[in-house]
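Here are some short exercises for you to try with the structure open beside you. Have a go at each task before you read its solution.

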Amino acid sequence: HTVTKMKLFVLTVVLCAAYVAAQGSSYRAAVVEYYALPIAPAPTERPVPRSVATAELLKNVAEFTLFAKRAKAEGAQIIVFPENGLYPADVHFDDRDDIFPYLESVPDPYDEANQDSLNICEQRAAYKNAPVLVAMSCLAKDLSMTIVFDMGSVEQCQGDKVCPEDGRWQFNTQVAMGSDGTLIGRYHKRHLYYEPGYNPSPYPQLSTFTTDFGVEFGMLICFDMLFHEPSFGLVVERRISNLVYSTSWVNKPPTPLANAVQQGYSRVYGMNVLASQNAHNAYLSSGMGIFSGGSVLATYYNNTDAPRSNMLLADVPIQSDIFPAPQISRLSVLQSAEQLLGRPITKSMPRSLPFDPALPIVRRMFTATPGSSDSFSLEVKDDLQCNFTYTIKSGAAPPGTVDQYFAMAIDARTLPDVLPAPVYACGIGLCVGEDCKDTLGAVQSRGSVFSSLGISGIFDNKEVVYPLLSTSFGGLLPPSALSVGSVPLSSGNTAKLNTRMQLQRGETAEVMGAALLQILD
């Protein structure tokens, strides 16, 4: 009996150890695509009084609370909300004064001087002018859950040599609240996209936070994903392998859909990416997901005209280290969209985004006739060469359903009003309308079935290249379906790489858009 008891004891210990190890091998995450509540009643004055702004913000906090409680009930340890998710859906801010009533002061959790005042829920008396911070801190504490969200913040800066004329910084800020209600992370967006109410972060930030389940996360907001920093710093300097990403992405050429960009980023950097999305423009701004090294753990895309809120959950493997691509070899110069253009971006984002044939983009249209195939190249001056090859799967197509596609080579540095980011792109996309003018409406169509597809480009060896592919209605392929590789342009030239992505042999895909996207200095 003693031997039997000892065997049972050993077995129990082994099973318990295995259970603990299994529990520690992953964490459960939730991400939200959210359509904010409209402001009601419509304001008669702008800027609105602060009391009105606060009331509107707290309405959306109440909606966030419902998502967080549901996520907690389903076992989530962390939840990520989208960029600008707290602002009323039907309000577009024209300038700094217009957005100012919605802003709160967010203390720096990395400043030693603040370490005794960061549990905002417990110290709410000191945060009477920050009702959103208090509410979100208390929500995290009540649910014992890490909560990441985006809000507008303000900091006074009189006397600072780079201070704005009105004496205050206004930032698009991602905030992380720990499971005890403590403010554990803060990141100011560095690269703004048509956001006249905000300042880009004036100083480099590699913002991270560590959760109670032992995972360290890097922080990133929307357009930052198309720039070297802070991504390179997070990966190379901080060795971060998990990222929380709040976005209000615009689905616009030359980039495929938001979730394809998120997947490509996850693949290139070998990271876990928890990506949320603002649903304000329905199919024009949809696309979120949870990714691990490019593998799709969960993804969602709304291809309808009606904005919808949704939530995804997934168990995410804890990685002991990142596995960066060979190209990720150095930190590069920090650069914002405003620095790139040499002027501030003050105009509003265009509401309609048709493909304008007058733009100086090298492009070519082709018809996806079943059974057809072709190979061709496009060049932008002497800077970029793109090569394309494809075969459309054989089979009779119903009358009137043969699709039109465009192929393009683009140096976005020469087109700041199209995409104010330093990128090269070689890509194809499904389009509709005469002369392929409408590339955005195509996301509501089913693409042709490609039995082979290859896109390659001559790129700089020092820079990151994202492989991106969207299938019909916002779908994604598993990484195993897409081969990606690079070889030196010639035996004696290591400054340039011929980078290629192609469907693996035997794979087929209803391609809506595909591209190689390189981020430049």
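**Exercise 1. The largest nonpolar core**

Task: In this predicted model, find which residues of the largest nonpolar core touch the most other members.

Solution:
- Step 1. Start with the set itself: the largest nonpolar core has 58 residues.
- Step 2. Now look for its best-connected members. Ile78, Leu274 and Tyr466 touch the most other members of this core.
- Step 3. Ask which element gives the most to the core. That is helix H6 (residues 258-269), with 5 residues.
- Step 4. Check for another core. A second, separate one has 49 residues, including Val48, Ala130, Ala140 and Leu183.
- Step 5. Keep a general idea in mind: in soluble globular proteins, nonpolar side chains tend to be buried together.

**Exercise 2. Around Ile78**

Task: List residues in contact with Ile78, leaving aside its neighbours within four places in sequence.

Solution:
- Step 1. Two residues count as in contact when heavy atoms lie within 4.5 Å.
- Step 2. Among the residues that Ile78 contacts are Phe209, Phe213 and Phe217.
- Step 3. The contacts of Ile78 also include Tyr27, Arg28, Ala29 and Ala30.
- Step 4. Leu274 is one of the contacts of Ile78 too, and you met Leu274 in the first exercise as a core residue that touches many others, among the three with the most.

**Exercise 3. The disulfides**

Task: How many disulfides does the structure hold, and what is the handedness of the link between Cys386 and Cys426?

Solution:
- Step 1. Count them: there are 3 disulfides.
- Step 2. Take Cys121 and Cys138, whose sulfur atoms are 2.1 Å apart. This link is right-handed, with 100° about the S-S bond. It joins distant parts of the chain, 17 residues apart: Cys121 sits in the loop between helix H3 (96-99) and helix H4 (131-143), and Cys138 in helix H4. Both Cys121 and Cys138 are buried.
- Step 3. Move on to Cys157 and Cys163, with sulfur atoms 2.1 Å apart. The torsion about their S-S bond is about 70°, so this disulfide is right-handed. Cys157 and Cys163 are both buried.
- Step 4. Finish with Cys386 and Cys426, joined at an S to S distance of 1.9 Å. Here the torsion is about -70°, so the disulfide is left-handed. Cys386 lies in strand E16 and Cys426 in strand E18 (residues 423-431), 40 residues apart. Both Cys386 and Cys426 are buried.

**Exercise 4. Two serines in loops**

Task: Is Ser285 buried or exposed, and is Ser394 buried or exposed?

Solution:
- Step 1. Place Ser285: it is in the loop between strand E10 (277-278) and strand E11 (288-292).
- Step 2. Buried means under 20% relative accessible area. Ser285 has a relative accessible area of 1%, so Ser285 is buried.
- Step 3. Look at its polar partners. The side chain of Ser285 reaches the backbone nitrogen of Asn281 at 2.8 Å and the backbone oxygen of Asn278 at 3.4 Å.
- Step 4. Now place Ser394, in the loop between strand E16 (384-392) and strand E17 (404-411).
- Step 5. Exposed means over 50%. At 59% relative accessibility, Ser394 therefore counts as exposed.
- Step 6. Leaving aside neighbours within four places in sequence, Ser394 is in contact with Pro370 and Gly371. The C-alpha atoms of Ser394 and Pro370 are separated by 4.7 Å, although these residues are 24 residues apart along the chain.

Key
Residues numbered from 1 in each chain as written. Predicted model: local features only at pLDDT ≥ 70, side-chain atom pairs only at ≥ 80, totals over all residues. Heavy atoms only, no water. Helix = DSSP H or I, 4+ residues; strand = E, 2+ residues; numbered from the N terminus. Buried < 20%, exposed > 50% of the residue type's maximum accessible area, 1.4 Å probe, protein only. Polar contact = N/O pair within 3.5 Å; in protein donor to acceptor, adjacent residues only side chain to side chain. Core = buried A, V, L, I, M, F, W, Y, C linked by side-chain atoms within 4.5 Å. Disulfide = S-S within 2.5 Å.
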